[in-house]
Amino acid sequence: MKKKELRKIFAEKRSSLSDAEKSKLDDLLLIQFQKLRLPVIQYLFTYYPLVAKHEPDTGLVTRYLQFLFPHLQIAIPKTDFNTGEMKAMLVSDESIYALNHYGIYEPENSIELDPLMIDLVIVPLLAFDKTGFRVGYGKGFYDKYLALCDEKIVTVGFSYFEPVEKIEDTNAFDVPLKYCITPERLYEF
């Protein structure tokens, strides 16, 4: 299937989940993530899930990583929809956030993190295939950003659903994930 079709199908599948189903699936995603053997993580680049889009709860994983790595520093994306660029901004308990015109909270008073310093990126997705390619929201922010990172970076996606066989219209600039977590299992690519 092509990305456009997969976006529609998997957005509908996610939105049909009840709050109770979603909460259970989030817990199962965390259990699967805990099976991942990680190197020491000093810098995590993650995102706030969009509640309206029923995105997986990345906060559960972030808190788990903070427990494992007490000195973990966290960055959140700040996007420029005019240029198509994204930056990783370091955040803390004192950070101030503003809602952008797409309904995404972004840090306002933060320092940009060098992409080469990031150890792990949690990458949003709607669907993924058996080779690690993913379908995002179609703007290419993460693919462009990941191209700036060290090739040893750990990239992880979370999906409530199992992979499709193949995304038919991947591009040369699409960056595959290293891991994708579903409630059923951990996929390594």
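Tyr64 sits in helix α3; helices here are DSSP runs of H or I with at least four residues, strands are runs of E with at least two, and both are numbered from the N terminus. The model is a predicted one, in which local features need pLDDT of at least 70 and side-chain atom pairs count only at pLDDT 80 or more, while totals for chains, interfaces and linings use all residues. Residues are numbered from 1 along each chain as its sequence is written, and side-chain values use heavy atoms, with hydrogens and water left out.

Leaving out residues up to four places away in sequence, Tyr64 touches Leu30, Phe33 and Gln34, where contact means heavy atoms within 4.5 Å. Tyr64 and Phe33 are 31 residues apart in sequence, and their C-alpha atoms are 9.6 Å apart in space. The structure holds 11 aromatic pairs. Rings of Phe, Tyr and Trp (its six-membered ring) pair if their centres lie within 6.5 Å; planes under 30 degrees apart count as stacked, over 60 as edge-to-face and the rest as tilted. The rings of Phe33 and Tyr64 are an edge-to-face pair because their planes stand at 85 degrees, with the centres 6.1 Å apart. This pair links distant parts of the chain, with Phe33 in helix α2 and Tyr64 in helix α3. Phe33 counts as buried because its relative accessibility is 1%; buried means under 20% relative accessible area, exposed over 50%, and partly exposed in between, with a 1.4 Å probe and protein chains only.

The two helices that carry these rings also pack against each other. Two packed helices are described by the angle between their axes and the distance between the axes. Helix α2 (residues 19–33) meets α3 at an angle of about 35 degrees, and the axes are 9 Å apart. Axes are lines fitted to C-alpha atoms, for helices over the stretch in contact, and angles run from 0 to 180 degrees between N-to-C directions. The crossing of α2 and α3 is right-handed: the near helix is turned clockwise from the far one by less than a right angle, whereas an anticlockwise turn would be left-handed. On the α2 side the contact involves Asp26, Asp27, Leu30 and Phe33, which meet Leu60, Val61, Tyr64 and Leu65 of α3. By class, this contact has six nonpolar, no polar and two charged residues. Ala, Val, Leu, Ile, Met, Phe, Trp, Tyr, Cys and Pro count as nonpolar, Asp, Glu, Lys and Arg as charged, and the others, Gly among them, as polar.

Helix α3 (residues 58–68) also leads to the sheet: α3 lies across β1, β2 (73–80), β6 and β9 (154–158), running at about 165 degrees to β6. Seven strands form this open sheet, in the order β3-β2-β1-β6-β9-β10-β11, with mixed pairing. Two strands pair if DSSP finds at least two bridges between them. The edge strands, each paired on one side only, are β3 (85–91) and β11 (186–188). From one strand to the next the twist averages 25 degrees.

Strands β1 (residues 43–45) and β6 (residues 120–123) run parallel and are joined by two bridges; Leu44 has Leu120 of β6 as its bridge partner. Strands β2 and β3 run antiparallel, with seven bridges between them, and Ile74 stands opposite Val91 in β3. Their hairpin has four residues between the strands, and Gly84 takes a positive phi near 80 degrees there.

Strand β3 contains Lys87, which is partly exposed because its relative accessible area is 39%. Apart from neighbours within four places in sequence, Lys87 is in contact with Phe45, Ile76, Pro77, Lys78, Glu112 and Tyr145.

A second ring pair involves the loop between β2 and β3. The rings of Phe81 and Phe141 have centres 5.0 Å apart and planes at 80 degrees, so this pair is edge-to-face. Because Phe81 lies in that loop and Phe141 in helix α4 (residues 141–146), the pair ties together parts that are 60 residues apart in sequence. Phe81 is partly exposed, at 25% relative accessible area, whereas Phe141 is buried, at 9%.

Phe81 is also touched by Asn100, whose other contacts are Thr79 and Glu106, not counting residues up to four places away in sequence. Asn100 lies in the loop between β4 (97–99) and β5 (105–107) and, at 15% relative accessibility, counts as buried.
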